[in-house]
Amino acid sequence: METVLITGASRGIGLEITKQFLESGYNVISTYRGQPSQELAALQSSSHLVIYELEVTNENSVSKLVENVAGMPIDILINNAGVLGPEKQTLDTIDASGWLETIAVNTISPLLVSRAFIPNLELSTNPRIITISSQMGSLQRESGGMYAYGSSKAAVNKVMQMLSLELKASGITVCPVHPGWVKTDMGGSEADITVQESASGIVALAQSLDIQQTGKFFTWEAKEHDW
């Protein structure tokens with residue numbers, strides 16, 4: 001039975017991914033910031049779920065989680081924790097502090113979390129790292145008005161591409177994934193797909209990935225996305 005570690009699992013895509021992996025018979029380690037949501041806490045009735053507090057931008061918090069799972073094989077790491085960024089992100093309104101916070105959560109943390117759990121991933125026979133990105137990070141897609149979010153996702157795509165090259169010799173697959181425009185608190189009610197649809201695609205992709213796909217940018221439908 002494989003084990004999956006999911007960051008940012010209190011709500012939205014992370015919560016639904018947790019549910020679907022549990023339903024598929026996986027051992028799941030899910031993390032939350034501050035306090036777990038009622039929905040995540042309720043899932044602890046499953047003997048296959050363990051939840052931990054994790055602030056992905058705090059290296060001490062990451063180190064504490066590493067200690068808690070030391071020696072445990074992790075087959076799939078899903079860097080899901082992320083933020084939309086400051087309310088004001090236009091050319092005229094974006095400020096440095098909000099932009100930097102967005103980069104810290106969306107770009108830097110996925111690398112630091114991934115690096116921290118490499119020893120656990122190396123204990124797996126098919127280790128995979130999936131980072132939830134966005135099509136707004138693709139340089140092939142023209143969009144404006146969301147400087148902090150878009151740039152953080154473009155940057156994390158490059159970070160994951162670089163990481164895939166460094167970890168390929170260790171057999172660790174690394175792929176960023178566009179989850180779709182999802183009806184969550186972040187995506188809004190006008191979004192294209194439900195959280196269940198997005199999570200189902202991401203789970204299926206995670207199950208099928210191997211080292212032959214490393215370094216590719218995928219959509220939730222397992223289609224290769226332009227960088």
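Here are some friendly notes on this predicted model, going through its helix packing, its salt bridges and a few single residues.

1. **H4 against H6.** A good place to begin is the pair formed by helix H4 (residues 96–116) and helix H6 (residues 147–167), whose axes lie 8 Å apart at an angle of about 20°. That angle makes H4 roughly parallel to H6, because angles under 35 degrees count as such. The crossing of these two helices is right-handed. On the H4 side, the contact is made by Trp-99, Thr-102, Ile-103, Asn-106, Thr-107, Pro-110, Leu-111 and Ser-114. H6 contributes Tyr-147, Ala-148, Tyr-149, Ser-151, Ser-152, Lys-153, Ala-155, Val-156, Val-159, Met-160 and Leu-163. Sorted by class, the contact of H4 with H6 has twelve nonpolar, six polar and one charged residues.

2. **H3 against H4.** H4 also packs with H3, here at an angle of about 30° and with the axes 10 Å apart. H3 is therefore roughly parallel to H4, and H3 passes H4 in a right-handed crossing. If you would like to find the contact on screen, look for Glu-59, Val-62 and Val-66 in H3, which meet Leu-112, Val-113, Arg-115 and Ala-116 in H4. These residues divide into five nonpolar, no polar and two charged.

3. **H1 against H7.** How are H1 and H7 oriented to each other? Their axes come within 9 Å and cross at roughly 60°, so the two helices are oblique to each other. H1 passes H7 in a right-handed crossing. From H1, the residues in contact are Gly-12, Ile-13, Glu-16, Ile-17, Gln-20 and Phe-21. They meet Val-195, Gln-196, Ser-198, Ala-199, Ser-200, Ile-202, Val-203 and Ala-206 in H7. The contact of H1 with H7 divides into eight nonpolar, five polar and one charged residues.

4. **Salt bridge Glu-2 to Arg-128.** The structure holds two salt bridges. In one of them, Glu-2 pairs with Arg-128, and the closest N and O atoms are 2.6 Å apart. This pair links distant parts of the chain, with Glu-2 in the segment before S1 and Arg-128 in strand S5 (residues 128–132), 126 residues apart. The two partners are worth viewing with the surface switched on: Glu-2 counts as partly exposed at 23% relative accessibility, whereas Arg-128 is buried, with a relative accessible area of 0%.

5. **Salt bridge Arg-33 to Glu-55.** The side chains of Arg-33 and Glu-55 also meet in a salt bridge, at 2.5 Å from N to O. Arg-33 sits in the loop between strand S2 (27–32) and helix H2 (38–42), and Glu-55 in the loop between strand S3 (49–53) and helix H3 (59–68), so the bridge ties together parts that are 22 residues apart in sequence. Arg-33 counts as exposed, at 66% relative accessibility.

6. **Ser-10.** Please take a look at the loop between strand S1 (3–6) and helix H1 (12–23), where Ser-10 lies. Is this serine buried or exposed? With a relative accessible area of 14%, Ser-10 is buried, because the cut-off for that class is under 20%. Leaving aside residues up to four places away in sequence, Ser-10 touches Leu-15, Thr-31, Tyr-32, Gln-35, Pro-36, Ser-37 and Leu-40.

7. **Ala-222.** One backbone detail to check is Ala-222, which has a positive phi of about 70° although it is not a glycine. Ala-222 is found in the segment after strand S7 (218–219). At 42% relative accessibility, this alanine counts as partly exposed.

8. **Asp-185.** The last residue on my list is Asp-185, in the loop between strand S6 (173–178) and helix H7 (195–208). Asp-185 is exposed, with a relative accessible area of 66%. How far apart are the C-alpha atoms of Asp-185 and Gly-145? They are separated by 19 Å, and the two residues are 40 residues apart along the chain.

Notes. Residues numbered from 1 in each chain as written. Predicted model: local features only at pLDDT ≥ 70, side-chain atom pairs only at ≥ 80, totals over all residues. Heavy atoms only, no water. Helix = DSSP H or I, 4+ residues; strand = E, 2+ residues; numbered from the N terminus. Buried < 20%, exposed > 50% of the residue type's maximum accessible area, 1.4 Å probe, protein only. Contact = heavy atoms within 4.5 Å. Salt bridge = Lys/Arg side-chain N within 4 Å of Asp/Glu carboxyl O. Axes fitted to C-alpha atoms, helices over the stretch in contact; angles between N-to-C directions. Parallel < 35°, antiparallel > 145°, perpendicular 65-115°, else oblique. Left-handed = near helix turned anticlockwise from the far one by under 90°. Nonpolar A, V, L, I, M, F, W, Y, C, P; charged D, E, K, R; others polar.
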